[in-house]
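Open the model in your viewer and get ready to click along. We will go stop by stop, picking something to select and then seeing what is there.

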Amino acid sequence: MAAEGDELAQVVVTAQFREQNLQQTPIAITAVNSEMLEARSQVSVNEIAAQAPSVTLAPQGGPYGPSMAVYLRGVGQADFNPAFEPGVGMYVDDVYFPTLTGSIMDLLDLDRVEILRGPQGTLAGRNSIGGAIKLYSRLPRGDNTGSLSLTYGSRDRVDVRGSFDFAITDSLFARVSGVSKKQQGYVKRLDYGCVFPNSGIPRNMSYNTDCVLAREGEVNYDAVRAILRWDNNGPVSFTLIGDYTDDDRVTTPSVLVAAKPIGPAPNGFTPNADVDPWGTGLGLDAFVPPPESYYNYGSYTMVETANRPSRFTAGRSFFKSWGASGKLDWNINEHLQLESITAYRDYDSGFQNDNDLSPLNQQIGDGTQPLRAFSQEVRLNGAFGEGDRVEWTLGGFYMDQRSWYPSYQDLRYSLPAFQQDDPIDADAKAAFAHVSFKATDHLTLIGGLRYTEETKEYKFSRRTPDGGPHPSLGGLDGVVGPYSGNKVDWRAGLQYQWTDALMTYAQVATGFKGGGVNPRPFYPEQAVGFAPESQTSYEIGAKTELLERRLRLNTAVFYSDYKDIQSGATTCPPQFVTSGPVCSLILNVGTAEVKGVEIESTFEPISGLSFDASASYIDFEYTKVSALAQGGAIEVGNTAPYTPELKWSLGGQYIYRLGSGYTLTPRLDVSYNDKVYTTTNNLERSAIDSYTIANARLTWRDENKGMEASLQVTNLFDEYYYRTMYDAWERSGIITASPAPPREWAVTFKKLF
């Protein structure tokens, strides 16, 4: 946020392992401090994407559970399955978060958020091909300060947030923060038999009810973080962080966008069970609500048939997680520092999905995804030469993780019901180095190198619901799919500090996203591996401060050569369907060129009045398609999933000084997201149209007493748009989507002490 005064406040980041002025850091970075997050009414990590160029953070719909689709400059990942690596690294207090599941984090008591665009292999603990998103907590200072806020808003929203910073001894400090969020959902799950009592479909609810089985999009989130820091102003300090999260709610909001009539299965199979068990003659298309609706007819009940037991799931989603990390900082001498970060993460996650969102339930699933992960990172930072002309970092990273995917799946259109309990073991080891050499007072040369080794083993389990051998999938039971690989990445660049207010840079960097084993085979021949993705990115940028440092303008232009892109196929080449026609396969589909430009700006023309803006343009084009994709397994389009060609945002506020320490601050934010495709083949049926969103906030503040009250309205013009979409048209004849919340209001009261 801009500072009141003669010039903009300086922004400090740690993207290169040292505290640096953002304007002197030769990386494309979006840095957002806690004050700006609050001014924009942002409380969840996915919301920061609105003002970040080239970034998509989209909460997923029901079939993918509590996860996000995360893309940066056209590189990323949408599938939550632990067989895949995220294309963009997520970090909390420099600790890598290894999965998309659980990545929709609350912005609890943060100091800042840094978004680093482009490959970060030599500048981050884990190889990050697309970039990195780093969240940093407020560290304890022992000053006996804190805050407490209460929010009430639309659909009985109640948020309570608090923090307290205190000293235990002269050298031991603590900070405790917590949040509790509750809100009713905005997508109604209706009982079709109740709404239409003469349809022939039995009702699940009694008479004299509103026919609402559940309200999807519910919020029921609690989290706490505790930080203990020991620092006696000597050479050694230590920080211990522990956190706990409990997110237990009705499943992600979803609506049925399109459906085929019931008939022969889209994949050529004869249904294994009657998909209209009540003989109503209704097809799936009968359950598609009108456009821009906030309801569905999912029942999450599998009706008993001759070869299927009855099955009911609650239609809920949960994520329960705890983690701990310890960071040691040792200033060995004036020019040498050691950092060690040891961390452990443990979570249990689960969700149910009713994929067709109808009472016919042609596909239902119920699964969990536990994870245990340990990581260790060590960095040695040094400098030598006159004026620390050479700065260097040597580091090592290790992560060991184990996850499971126990689930029950009933695909009525294709296969008898089955259960699985797939353990996935993975580990990664890396060594990296980074050096910057100040060749002259203005010119700095930069280099980096990284070596990574990783392994992954996926063991398949496919049994009937009662635990017996499965008639169709039995050949997969006990099959083990291994993957291992290694990669050398590098970075080379230079920066030139023309004046105190103008810096330019140019760099070339490589990165990769690990390969793995296809996690959803139907037959042994589909339990095959896929290769890593790789990228070489070329970037030039300029960071400027103009008009007596009242205008900050940062730009970056990039070109990337993106190879071996991973994507899913539902129509397999002949060699993968020898046991049967059903297919789900991960392929390396080809190579693409990605070109783009990014602009970020902050302007304070007069004291108290500030504006911020960002924009990005991305041109993604496939230049080569793999032989398997050319064989008809998958079509490729002209852009990557969840990558808008054009994206921009504008924000402005003015601090009215009312006297006696009172201020009144109105703020307006507007953001635009171009049309995106949600699949590699770029089909119109699964595209999300462009949308423009406006948010407004009015804040009254008593600076003397540390009190404030605010009124916020999000989605001011009540725009209806989708966050994500699930295209199962070829396999199941359905397309579902997750709509964003409608217009909401909230009032917040906050007290600082």
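Two strands count as paired if DSSP finds at least two bridges between them. Keep in mind, as you look around, that this is a predicted model.

**Stop 1: a run of paired strands**

Select strand β28 (residues 443–459) and strand β29 (residues 480–499). How many bridges join β28 to β29? There are 17, and the two strands run antiparallel. To see one pairing up close, click E457 and look across to β29, where its bridge partner is P482.

Now add strand β27 (residues 418–438) to your selection. It pairs with β28 over 15 bridges, again in the antiparallel sense. Together β27 and β28 form a hairpin, with four residues between them. For a position to zoom in on, try I424, which stands opposite Y458 in β28. If you wonder what holds such partners side by side, strands of a sheet pair through backbone hydrogen bonds, either parallel or antiparallel.

**Stop 2: a three-strand sheet**

Next, select β4, β5 and β6. They make an open sheet in the order β4-β5-β6, with antiparallel pairing. Which strands stand at the edges? They are β4 and β6: each has a single partner strand, so one side of each is left without a neighbour in the sheet. The twist from one strand to the next averages 10°. Five bridges join β4 to β5, and L57 stands opposite V70 in β5. Remember L57, as you will meet this residue again.

**Stop 3: a five-strand sheet**

Select β3, β9, β10, β7 and β8, which lie in that order in another open sheet, this one with mixed pairing. The edge strands are β3 (29–33) and β8 (95–97); each has a single partner strand, so one side of each lacks a neighbour in the sheet. Ignoring direction, neighbouring strands here are turned by 20° against each other on average. At one end of the order, β7 and β8 run antiparallel and are joined by three bridges. Click Y91 and you will find Y96 of β8 opposite.

**Stop 4: the largest nonpolar core**

Show side chains for V45, I48, L57, V113, I115, I133 and L135. Among the 28 residues of the largest nonpolar core, these touch the most other members. Several elements give two or more residues to this core, including α1 (34–39), β4 (55–59), β9 (110–117) and β10 (131–137). In soluble globular proteins, nonpolar side chains tend to be buried together.

Stay with V113 for a moment. Which residues is V113 in contact with, leaving aside neighbours within four places in sequence? The list is T30, A31, V32, L37, I48, I133, K134 and L135.

**Stop 5: charged pairs**

The structure holds 53 salt bridges. Start with E539 and R73, whose side chains meet in one at 2.9 Å, N to O. E539 lies in strand β33 (residues 533–546) and R73 in the loop between β5 (68–72) and β6 (75–77), so the pair ties together parts that are 466 residues apart in sequence. Are these two buried or exposed? Both are buried. Widen the selection to R117, E598 and E600 as well: with R73 and E539, they are linked in a network of salt bridges.

Now go to K182 and D222, where the side chains form a salt bridge at 3.0 Å, N to O. K182 sits in strand β13 (residues 172–183) and D222 in strand β16 (residues 219–231), so this link joins parts 40 residues apart in sequence. K182 counts as partly exposed, at 30% relative accessibility, and D222 also counts as partly exposed, at 26%.

A further pair is K513 and E533, meeting at 3.7 Å, N to O. K513 belongs to strand β30 (residues 502–513) and E533 to strand β33, so parts 20 residues apart in sequence are tied together. K513 counts as buried at 1% relative accessibility, and E533 counts as buried at 1% too.

**Stop 6: N554**

Finish by selecting N554, found in strand β34 (residues 551–563). Why does N554 count as buried? Its relative accessible area is 11%, and buried means under 20%. The side chain of N554 makes a polar contact with the side chain of Q23, at 2.9 Å. Not counting residues up to four places away in sequence, N554 touches L22, Q23, A542, K543, T544, E598, I599 and E600. Two of these names, E598 and E600, belong to the salt-bridge network from the previous stop.

Technical notes:
Residues numbered from 1 in each chain as written. Predicted model: local features only at pLDDT ≥ 70, side-chain atom pairs only at ≥ 80, totals over all residues. Heavy atoms only, no water. Salt bridge = Lys/Arg side-chain N within 4 Å of Asp/Glu carboxyl O. Buried < 20%, exposed > 50% of the residue type's maximum accessible area, 1.4 Å probe, protein only. Core = buried A, V, L, I, M, F, W, Y, C linked by side-chain atoms within 4.5 Å. Contact = heavy atoms within 4.5 Å. Polar contact = N/O pair within 3.5 Å; in protein donor to acceptor, adjacent residues only side chain to side chain. Axes fitted to C-alpha atoms, helices over the stretch in contact; angles between N-to-C directions.
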